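Visitor: Please take a close look at one part of this model, the place where the ligand sits. I would like the contacts there first, and then how that part fits into the rest of the chain.

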Amino acid sequence: MSEAGPTEPLTFERLTPTEMLRRAEELRDRLRARRSVRDFSSEPIDLDVVRACIDAAASAPSGANKQPWTFVLVTDPAVKRAIREAAEKEEQTFYGGRAPERWLADLRPLGTDWRKPFLEDAPALIVVFAQRHGGDEGDKHYYVSESVGIAVGMLITALHVSGLATLTHTPSPMGFLASVLGRPDNERAYVLLPVGYPADGATVPAITKKPLDAVLVER
Ligand code: IYR
């Protein structure tokens, strides 16, 4: 049995009630303005902004603090092209019959298809990998999907508040990403986020989010 570790005083900023509500509503409005973007400009972005956002995401809570994630930041055009080619091959079979008709019907309002130009147009791709266990076999990881999902939510939030557009993209299946990016066996691709500025005149589907009273139950 290992002992409990050392402790340190908690740093916690206590805000006034007015300031608490102001911050909550400000962030709510900012997050409600976020949209998934599929038309990216190839205009370069400051990668230090992206690195800071990844650093923010890596502060997420995780099962037993194992931090079971790896973020691969891809900017090399040849690697982006390889990812696009492999993704489009998978998506062609997905849209060409592998996906059940019901699934395709649910996607129709979003206007998606097998073409993924954003994988080359966006100046950066972040491929997030989940580590099923630590580097050496004996090192177990816990609640991996939950932990990585929380980190990705924080990443999307950080990128959005920093003024960058993203898409939450899950080419299916994603196995090719580990081979293209040379990731070890304990990692599986979790999600791919193109990052950049929207193309001039970019449009998004006219969809809405559920209002608070449809998602909140109070007892
Ligand atoms: N991976 C495909 C299909 C797709 C699936 C869902 I669920 C979406 O919300 C959007 C797309 C693609 O990227 O086109």
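**Lysine 116 and the ligand site**

Guide: Lysine 116 is placed in the loop that runs between α4 (101-107) and α5 (118-121). This is a predicted model, and the distances below are computed from its atoms.

Lysine 116 is buried but takes part in no salt bridge. Its nearest side chain of opposite charge belongs to glutamate 91, at 4.8 Å. A salt bridge requires a side-chain nitrogen of Lys or Arg within 4 Å of a carboxyl oxygen of Asp or Glu, so the pair does not qualify. The side chain of lysine 116 does reach a backbone atom: the oxygen of aspartate 113, at 2.8 Å.

Lysine 116, glutamate 91 and aspartate 113 are all among the residues that surround the ligand. The others around the ligand are Phe94, Tyr95, Trp103, Leu107, His169 and Thr170.

Several of these residues place polar side-chain atoms by the ligand. Glutamate 91 has a polar side-chain atom 3.1 Å from a ligand nitrogen. Tyrosine 95 has a side-chain N or O atom 2.5 Å from an oxygen atom of the ligand. For histidine 169, a side-chain N or O atom lies 3.2 Å from a ligand oxygen. The ligand taken alone exposes 370 Å², and the protein buries 72% of that.

Next, the chain around this site. The protein chain has eight helices and four strands, in the order α-α-β-α-α-α-β-α-β-α-β-α along the sequence. Its C-alpha trace spans about 55 × 45 × 40 Å along the principal axes. Of its 219 residues, 34% count as buried, and lysine 116 is itself buried.

Lysine 116 has no salt bridge, while the structure as a whole holds 15. In general, side chains of opposite charge can pair when their charged atoms come close. One such pair is glutamate 101 with arginine 108, where the closest N and O atoms are 3.0 Å apart. Arginine 108 counts as exposed because its relative accessibility is 52%, whereas lysine 116 is buried.

Other pairs involve helix α1, which covers residues 17-32. Glutamate 26 and arginine 22 both belong to α1 and sit four residues apart, about one turn of the helix. Their side chains form a salt bridge with an N to O distance of 3.3 Å. Glutamate 26 is partly exposed because its relative accessibility is 40%, and arginine 22 is partly exposed because its value is 42%. Both belong to a network of salt bridges that also includes Glu13, Glu19 and Arg23.

Arginine 28 and aspartate 29 make a further salt bridge, 2.7 Å from N to O. Arginine 28 counts as partly exposed because its relative accessibility is 43%; for aspartate 29 the value is 47%, so this residue is also partly exposed.

Helix α1 also contains leucine 27, which is partly exposed because its relative accessible area is 40%. Leu27 joins Leu31 and Val161 in a nonpolar surface patch, and the three together have about 210 Å² of accessible area.

To return to the ligand site, lysine 116 is buried without a salt bridge, and its side chain contacts the backbone oxygen of aspartate 113.

Notes: Residues numbered from 1 in each chain as written. Predicted model: local features only at pLDDT ≥ 70, side-chain atom pairs only at ≥ 80, totals over all residues. Heavy atoms only, no water. Patch = residues over 30% accessible without salt bridge, like charges linked within 9 Å, V, L, I, M, F, W, Y side chains within 5 Å. Areas by Shrake-Rupley, 256 points an atom, 1.4 Å probe, with all protein chains shown as cover. Helix = DSSP H or I, 4+ residues; strand = E, 2+ residues; numbered from the N terminus. Buried < 20%, exposed > 50% of the residue type's maximum accessible area, 1.4 Å probe, protein only. Near = heavy atom within 4 Å. Polar contact = N/O pair within 3.5 Å; in protein donor to acceptor, adjacent residues only side chain to side chain. Lys, Arg positive; Asp, Glu negative; His and termini not counted.
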